[in-house]
Amino acid sequence: MGINILQKIQSFFRSDPSPQFIARQLRKPSGEFAETVAEKMNQVNKPLFDLTCQTLQINDNESILEIGFGSGKFFPRLFQQAEGVQINGIDHSEEMVQEARRKNENLIDSGQLQIIRANSNDIPFSDQSFDKVFCNMVIYFWDQPEDHLEEIHRVLKPGGKFYTGMRSTESMKVFPFVEYGFNLFGVSDWTTLLEENGFENIQTELQSDPEIQLDGKPLRMESICVVATKGGV
Ligand SMILES: C[S@@+](CC[C@H](N)C(=O)[O-])C[C@H]1O[C@@H](n2cnc3c(N)ncnc32)[C@H](O)[C@@H]1O
């Protein structure tokens, strides 16, 4: 990512609109700002997507669900790893659903990708539908994470895996907007929550992202992908 783009992202997040407004938009992009917010988040979050994508290790004919895909820019990359893969995406923002559908018309028309407006506390798929479920930068907005984890556990096949893409708490606290409605988790807290909700064999992948500039100071965010296996109930 070029430094000019990063500076634009930083200035967008630092100046108007307010941190409260940005926090609301990141939780559920809507209205005229939705497309810009999602695009900028996808730019900032590309290193995290890279980590999650690599950690997913998609195999031929797997069925995968992404929760909270934003603009859906990265869907095509999921099909590069294996053959016969079926991807489904849910996002509770109507604007993001429309944007992701626009960006991925060919994949949708070919039947490889399905995009649905839905909340992850009520996933519109039957039990044991997916080999893998993943989300990047979404758990912060789960006010009752147990409800979402129960649904993810339900739609995973036996032995299926859930991948949580997130940033370290230290990385997130740099942004003023996290004061407004973000539920930040460290790896230890998140691991405990996963274990309490039927997941086991928790493993963590860490990555130092490329350095960016924030308020004229260098900033290196840390990306994290937590892998959890569906255990018995
Ligand atoms: C901060 S953005 C992250 C977008 C993208 N995953 C990325 O890494 O750039 C959060 C996305 O998750 C969606 N989202 C938040 N909570 C959700 C929920 N409970 N169910 C479905 N989508 C949700 C939002 O609408 C938004 O598109």
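Q: What makes the second largest pocket, with a volume of about 240 Å³, a pocket rather than a cavity?
A: On a 1 Å grid over the protein atoms alone, a pocket is an open set of points with protein on both sides within 12 Å along at least five of seven lines, whereas in a cavity a 1.4 Å probe fits but cannot get out. The second largest pocket therefore counts as an open set, and its about 240 Å³ is the space filled by probe spheres set on points joined across faces, edges and corners.

This is a predicted model, in which local features need pLDDT of at least 70 and side-chain atom pairs count only at pLDDT 80 or more, while totals for chains, interfaces and linings use all residues. Residues are numbered from 1 along each chain as its sequence is written, and side-chain values use heavy atoms, with hydrogens and water left out.

Q: Which residues and elements line the second largest pocket?
A: Lining residues have an atom within 4 Å of a grid point, and of the 15 that line the second largest pocket, Thr55, Gln57, Lys161, Tyr163 and Val227 are the closest to its centre. Two or more lining residues come from each of α4, β5 (156–167), β6 (199–208) and β9 (222–230), where helices (H or I, at least four residues) and strands (E, at least two) are DSSP runs numbered from the N terminus.

Q: How do you know where the ligand sits?
A: A molecule sits in a pocket if more than half of its atoms lie within 2 Å of the grid points, and the space taken by the ligand is the largest pocket. That pocket holds about 680 Å³ of space; among the 45 residues lining it, Leu26, Gly68, Met137, Val138 and Phe141 are closest to its centre. Helix α3 gives the most to this lining, with four residues.

Q: What makes a residue part of the surroundings of the ligand?
A: One of its heavy atoms must lie within 4 Å of the ligand, and 23 residues surround the ligand, the closest being Asn42, Gly68, Asp91, Asn119 and Asn136. Helices α2 (19–27) and α3 (34–44) each supply at least two residues of this shell.

Q: Why is the approach of aspartate 91 to the ligand called a polar contact?
A: A pair of N or O atoms must lie within 3.5 Å, and a side-chain N or O atom of aspartate 91 is 2.6 Å from an oxygen atom of the ligand, so the pair qualifies. Nitrogen atoms of the ligand also lie 3.2 Å from a polar backbone atom of histidine 92 and 2.9 Å from a backbone N or O atom of asparagine 136.

How values were computed: A polar contact is a pair of N or O atoms within 3.5 Å; within protein, one must be able to donate a hydrogen and the other to accept it, and residues adjacent in sequence count only if both atoms are side-chain atoms.
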